[in-house]
Amino acid sequence: MLAGLKPAGLFSCCLHDEADILEQVRELNMKLRKKDIVVSVMTKADGRALIYVYRRSRLKKELEKRETAEFLEAYGYGGLSSEKAVARLKKRLAESGDFPHEIGVFLGHPLGEVVGLIENEGRNCKCGGCWKVYCDENEAVKTFERYKKCITIYRRLYETGTTVLQLTVAV
């Protein structure tokens with residue numbers, strides 16, 4: 001996501017101090033706003049926080065696609081702005097205690113793969129990687145390899161002192 005390869009990312013981190021994590025998120029939002037990035041705490045449980053990071057314009061563009069909007073309408077997202085859709089997703093995460101499958105759309109997974117996951121109840125996929133693949137296996141494998149290469153490079157840069165702000169590409 002920081003490299004601009006996908007619209008969003010989701011990760012879990014230790015929650016030692018709730019006030020501290022909220023302050024860190026606030027500071028990150030101030031720094032990353034100019035690069036069109038939003039950081040949001042989605043849930044907090046069992047000493048962990050689930051953090052959603054997204055590019056506002058890319059998510060907005062994805063959610064405005066006709067097919068995506070029609071799909072999300074069935075889950076209560078009809079007519080919502082991207083910010084309100086993220087708030088709705090946060091509520092769905094809190095209500096279900098599990099990941100609502102439409103989260104794939106919010107992470108930039110192809111809509112066909114998200115629909116395939118739901119229709120197959122997570123079974124019968126062609127392969128797996130960043131998501132379970134039900135449609136275009138060749139394209140998915142190429143995408144997974146690009147992500148893996150990027151993660152390797154970004155991890156090395158971060159470990160050698162490059163800051164998150166420096167790693168964030170403006171798109």
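**Exercise 1. The lining of the largest pocket**

Which helices and strands each supply at least two residues of the lining of the largest pocket? Work with the predicted model shown above, and describe the pocket as well.

*Solution.* Begin with the pocket itself, which has a volume of about 1000 Å³. Of the 27 residues that line this largest pocket, M1, L2, F11, V53 and Y154 are the closest to its centre. Next, turn to the elements: at least two lining residues each come from the strands β1 (8-14) and β3 (48-55), and likewise from the helices α1 (18-32), α7 (137-159) and α8 (164-167). Helix α7 gives the most to this lining, with seven residues. Finally, sort the lining by class, which yields 22 nonpolar residues, two polar residues and three charged residues.

**Exercise 2. The surroundings of E102**

Find the place of E102 in the chain, decide whether E102 is buried or exposed, and name the partners of its side chain.

*Solution.* First, locate the residue: E102 lies in the loop that runs between α4 (82-96) and α5 (103-106). Second, consider its accessibility: because buried means under 20% relative accessible area, E102, with a relative accessibility of 1%, counts as buried. Third, look for polar contacts of the side chain, and you will find one with the side chain of Y77 at 2.8 Å and another with the side chain of R92 at 2.7 Å. Fourth, widen the view to the residues that E102 touches, leaving aside those up to four places away in sequence: they are F71, L72, Y75, Y77, L89, R92 and V114.

**Exercise 3. Two aromatic pairs**

How many aromatic pairs does a search of the whole structure find, and how are the pairs Y52 with Y54 and Y77 with F106 to be classified?

*Solution.* The search finds four aromatic pairs. In one of them, Y52 and Y54 are stacked, with 5.0 Å from centre to centre and 25° between the planes, and both of these residues are buried. For Y77 and F106, the ring centres are 5.4 Å apart and the planes stand at 50°, so this pair is tilted. The step rests on the cut-offs, because planes under 30 degrees apart count as stacked and those over 60 as edge-to-face, which leaves the rest as tilted. Now place the tilted pair in the chain: Y77 sits in the loop between α3 (66-73) and α4, whereas F106 belongs to helix α5, so that the pair links distant parts of the chain, 29 residues apart. As a last step, check the accessibility of each partner: Y77 counts as buried at 5% relative accessibility, and F106 is buried with a relative accessible area of 0%.

Key. Residues are numbered from 1 along each chain as its sequence is written. This is a predicted model: local features need pLDDT of at least 70, side-chain atom pairs count only at pLDDT 80 or more; totals for chains, interfaces and linings use all residues. Side-chain values use heavy atoms; hydrogens and water are left out. On a 1 Å grid over the protein atoms alone, a cavity is a set of points where a 1.4 Å probe fits but cannot get out, and a pocket is an open set with protein on both sides within 12 Å along at least five of seven lines; lining residues have an atom within 4 Å of a point. Grid points are joined across faces, edges and corners, and a volume is the space filled by probe spheres set on the points. Helices (H or I, at least four residues) and strands (E, at least two) are DSSP runs, numbered from the N terminus. Ala, Val, Leu, Ile, Met, Phe, Trp, Tyr, Cys and Pro count as nonpolar, Asp, Glu, Lys and Arg as charged, and the others, Gly among them, as polar. Buried means under 20% relative accessible area, exposed over 50%, partly exposed in between (1.4 Å probe, protein chains only). A polar contact is a pair of N or O atoms within 3.5 Å; within protein, one must be able to donate a hydrogen and the other to accept it, and residues adjacent in sequence count only if both atoms are side-chain atoms. Contact means heavy atoms within 4.5 Å. Rings of Phe, Tyr and Trp (its six-membered ring) pair if their centres lie within 6.5 Å; planes under 30 degrees apart count as stacked, over 60 as edge-to-face and the rest as tilted.
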